[in-house]
Amino acid sequence: MSARPGRALAFIGFMGAGKSTAAREAAGALGTRAVDVDRLVEQRLGCTVEEAFDRHGEARFREEEERVTVETLERAGAGDVISLGGGAIGSEAVRAALARHTTVLVDIDLETAWSRASGRGRPLARDRR
């Protein structure tokens with residue numbers, strides 16, 4: 001499937017920053033729907049992000065996250081609103097795919113991020129160290 005014309009809104013940020021919420025709110029204001037890449041990855045893997053980390057390890061999860069994110073961004077166009085996983089921009093391929101879209105950084109302070117993410121099925125928020 002080829003890319004649609006126009007720029008999508010792509011929300012990035014640290015885990016717990018509120019990317020999914022911000023994307024849903026933006027999509028509501030635009031009269032469209034938000035696409036949550038973490039949910040797409042979970043669908044593809046058949047398990048939650050936390051289970052994917054436990055079963056397959058972070059490297060395997062990141063491979064699938066990169067694949068799904070790039071596919072989603074390549075198909076996206078005007079009117080689309082996408083929230084990326086917290087670690088997705090660590091991938092050079094994802095950063096390249098973001099180049100044709102409008103990227104929105106959802107910023108958050110460390111204490112708030114930690115309070116939102118810890119104990120909520122986020123594998124990288126199990127241990128604060």
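Arg 67 forms a salt bridge with Glu 64, and their closest N and O atoms sit 3.5 Å apart. This comes from a predicted model, so everything here is computed. Both residues belong to helix H3, where being three residues apart puts about one helical turn between them. The two partners differ in how much of them shows: Arg 67 is partly exposed at 38% relative accessibility, while Glu 64 is buried at 5%.

Glu 64 has another partner too. Its side chain also meets that of Arg 44 in a salt bridge, with 3.0 Å from N to O. Arg 44 is in helix H2 (residues 37-45) and Glu 64 is in helix H3, so this pair ties together parts that lie 20 residues apart in sequence. Arg 44 counts as partly exposed, with a relative accessibility of 43%. Zooming out a little, Arg 44, Arg 60, Glu 64, Arg 67 and Glu 71 turn out to be linked in a network of salt bridges. The whole structure holds eight salt bridges.

One of the eight brings together the side chains of Arg 39 and Asp 36, at 3.4 Å from N to O. Here, Asp 36 is buried, with a relative accessible area of 15%, and Arg 39 is partly exposed, with 38%. A buried residue has to fall under 20%, which is why Asp 36 makes the cut and Arg 39 does not. Arg 39 is found in helix H2. There is a link to a distant stretch of the chain to look at as well: the C-alpha atoms of Arg 39 and Ser 83 are separated by 9.8 Å, although the two residues are 44 residues apart along the chain.

Now for the overall layout. The protein has five helices and four strands. Read from the N terminus on, its elements run β-α-β-α-α-β-α-β-α. Of the 129 residues in the protein, 40% are buried. Among contacts with a separation of 6 or more, 71% are between residues that are 24 or more positions apart.

Back to helix H3, which spans residues 49-75 and includes Thr 72. Thr 72 is buried, with a relative accessible area of 7%. What does Thr 72 touch, not counting residues up to four places away in sequence? The list is Val 35, Val 37, Leu 40 and Ile 82.

Arg 55 also has its place in helix H3, but it makes a nice contrast in terms of surface. At 54% relative accessibility, Arg 55 counts as exposed, whereas Thr 72 is buried. Leaving aside neighbours within four places in sequence, Arg 55 is in contact with Gly 46 and Cys 47.

Thr 72 shows up again in the lining of the second largest pocket. Rolling a probe the size of a water molecule over the atoms shows where empty space is left. For the second largest pocket, the volume comes to about 160 Å³. Its lining is made up of Arg 4, Thr 32, Arg 33, Val 35, Leu 40, Thr 72, Arg 75, Ala 76, Asp 80, Val 81 and Ile 82. Three of these names, Val 35, Leu 40 and Ile 82, should look familiar, as they are also among the residues that Thr 72 touches. Which elements each supply at least two residues of this lining? They are H3 and strand E3 (81-83). Sorted by class, the lining has five nonpolar, two polar and four charged residues. The charged part of the lining includes Arg 4, Arg 33, Arg 75 and Asp 80.

Last up are the aromatic rings. How many aromatic pairs does a search of the whole structure find? It finds one. The pair is formed by Phe 53 and Phe 61, with 5.0 Å centre to centre and 40 degrees between the planes, and it is tilted. Stacked planes would have to be under 30 degrees apart and edge-to-face ones over 60, so an angle of 40 degrees lands in the tilted class. Both rings belong to buried residues: Phe 53 has a relative accessible area of 12%, and Phe 61 has one of 3%.

Key
Residues numbered from 1 in each chain as written. Predicted model: local features only at pLDDT ≥ 70, side-chain atom pairs only at ≥ 80, totals over all residues. Heavy atoms only, no water. Phe/Tyr/Trp six-rings, centres within 6.5 Å; stacked < 30°, edge-to-face > 60°. Buried < 20%, exposed > 50% of the residue type's maximum accessible area, 1.4 Å probe, protein only. Contact = heavy atoms within 4.5 Å. 1 Å grid on protein atoms, 1.4 Å probe; cavity = no way out; pocket = protein on both sides within 12 Å on 5 of 7 lines; lining within 4 Å. Points joined across faces, edges and corners; volume = space filled by probe spheres on them. Salt bridge = Lys/Arg side-chain N within 4 Å of Asp/Glu carboxyl O.
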